[in-house]
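Got the model loaded and a selection tool ready? Let's walk through it stop by stop.

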Amino acid sequence: MAYKMSDVGGFGTGALGDITNPSGQINSYANVTALNGTSVTIGTPSNGIYETFAVGKEILLHVSAITSGTDYQYLGKYMVATITAVAGSVLTLSKDVSGLIAARVFANHHVQAITVAQFDTLNLSATIAPLAYNATNKYGGIIALKCKTALNISGSGKIDLAAKGIPIGSIALRPATTQEG
């Protein structure tokens, strides 16, 4: 999936500097248990090696799966915001994110928060991958990063999403798209 850079805030801050072949999970993930205006409550996070849910960090909120009902219109929707305050498991964000998903169907969906890794230059000659999606934890399967200067992929370098995403079809956390069917 590709996003227009203007939709997600440009090419990032470069705060992590130049990194070559990061090992381990680069993003932090958490399920979103409540969403109201500029306030988001998260469950226990799985912290990555670079970014955690802290003030000043950019996060991607993503409606990843549906557990009941047939209100599929929200699947795949996302918003990007910056954390402006943290109080326990409650994150205050830089903008109102209540438009991400209707309150009436929130409980029927898996919504996750993912930190956005902010590299200056990321050099890959090896593989990086996201945390695999876990239906129990309600997060994973997405890698989120920005490179201020460059993303260099060489040799056997790649971003590998194979078998990491949200199950489809008979497992039915989300319906198969026409292309997947």
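Before you click anything, a word on strands: helices (H or I, at least four residues) and strands (E, at least two) are DSSP runs, numbered from the N terminus. Two strands pair if DSSP finds at least two bridges between them. This is a predicted model, where local features need pLDDT of at least 70 and side-chain atom pairs count only at pLDDT 80 or more, while totals for chains, interfaces and linings use all residues. Residues are numbered from 1 along each chain as its sequence is written, and side-chain values use heavy atoms, with hydrogens and water left out.

**Stop 1: the whole chain**

Start with a cartoon view. You'll find 11 strands and zero helices, so to speak β from end to end in the element list. Now colour by burial, where buried means under 20% relative accessible area, exposed over 50%, and partly exposed in between (1.4 Å probe, protein chains only). Of the 181 residues, 40% are buried.

Switch on a surface next. About 8,800 Å² is exposed, with carbon and sulfur atoms supplying 52% of that; accessible areas come from the Shrake-Rupley method with a 1.4 Å probe, and for residues only the protein chains shown count as cover. If you draw a contact map (contact means heavy atoms within 4.5 Å), look away from the diagonal: among contacts with a separation of 6 or more, 71% are between residues 24 or more positions apart.

**Stop 2: the three-stranded sheet**

Select 19-20, 117-124 and 145-153, which are strands 1, 8 and 10. Together they make an open sheet in the order 1-8-10, with parallel pairing. Strand 1 and strand 10 are the edges, each pairing on one side only.

Which strand does strand 8 join through seven bridges? That's strand 10, and the two run parallel. On the other pairing, two bridges tie strand 1 to strand 8, again parallel. Strand 8 is mostly covered, with six of its eight residues buried.

Now show side chains for a few partners. Ile19 has Leu122 as its bridge partner in strand 8, and Leu122 also stands opposite Leu151 in strand 10. Elsewhere along the pairing, Gln118 is opposite Lys146 of strand 10. As you look along any of these, remember that side chains in a regular strand alternate between the two faces of the sheet.

**Stop 3: the salt bridges**

Keep Lys146 selected and add Glu58. They form a salt bridge, with the closest N and O atoms 3.0 Å apart; the term means a side-chain nitrogen of Lys or Arg within 4 Å of a carboxyl oxygen of Asp or Glu. This pair links distant parts of the chain, since Glu58 sits in strand 4 (residues 58-66) and Lys146 in strand 10, 88 residues apart. Buried or exposed, these two? Both Glu58 and Lys146 are buried.

How many salt bridges does a search of the whole structure find? Three. For another, select Lys57 and Glu51, whose closest N and O atoms are 3.0 Å apart. Lys57 is partly exposed at 27% relative accessible area, whereas Glu51 is buried at 2%.

Then go to Asp71 and Arg104, which meet at 3.1 Å, N to O. That pair also links distant parts of the chain: Asp71 is in the loop between strand 4 and strand 5 (78-87), and Arg104 is in the loop between strand 6 (90-93) and strand 7 (109-115), 33 residues apart. Arg104 is exposed, with 61% relative accessible area.

**Stop 4: a nonpolar patch**

Return to Leu151 and add Ile153, Ile159 and Leu161. These four form a nonpolar surface patch with about 320 Å² of accessible area together. Patches are made of residues with over 30% relative accessible area and no salt bridge; like charges are joined within 9 Å, and nonpolar side chains (Val, Leu, Ile, Met, Phe, Trp, Tyr) within 5 Å. Ile159 belongs to strand 11 (residues 158-159) and counts as partly exposed at 31% relative accessibility.

**Stop 5: two positive phi angles**

Finish with the backbone. Lys138 is not a glycine, yet has a positive phi of about 70 degrees. Find Lys138 in the loop between strand 9 (127-128) and strand 10; it is partly exposed at 33% relative accessibility.

Ala163 is the other pick, again not a glycine, with a positive phi of about 60 degrees. Ala163 lies in the segment after strand 11 and is exposed, with a relative accessible area of 82%.
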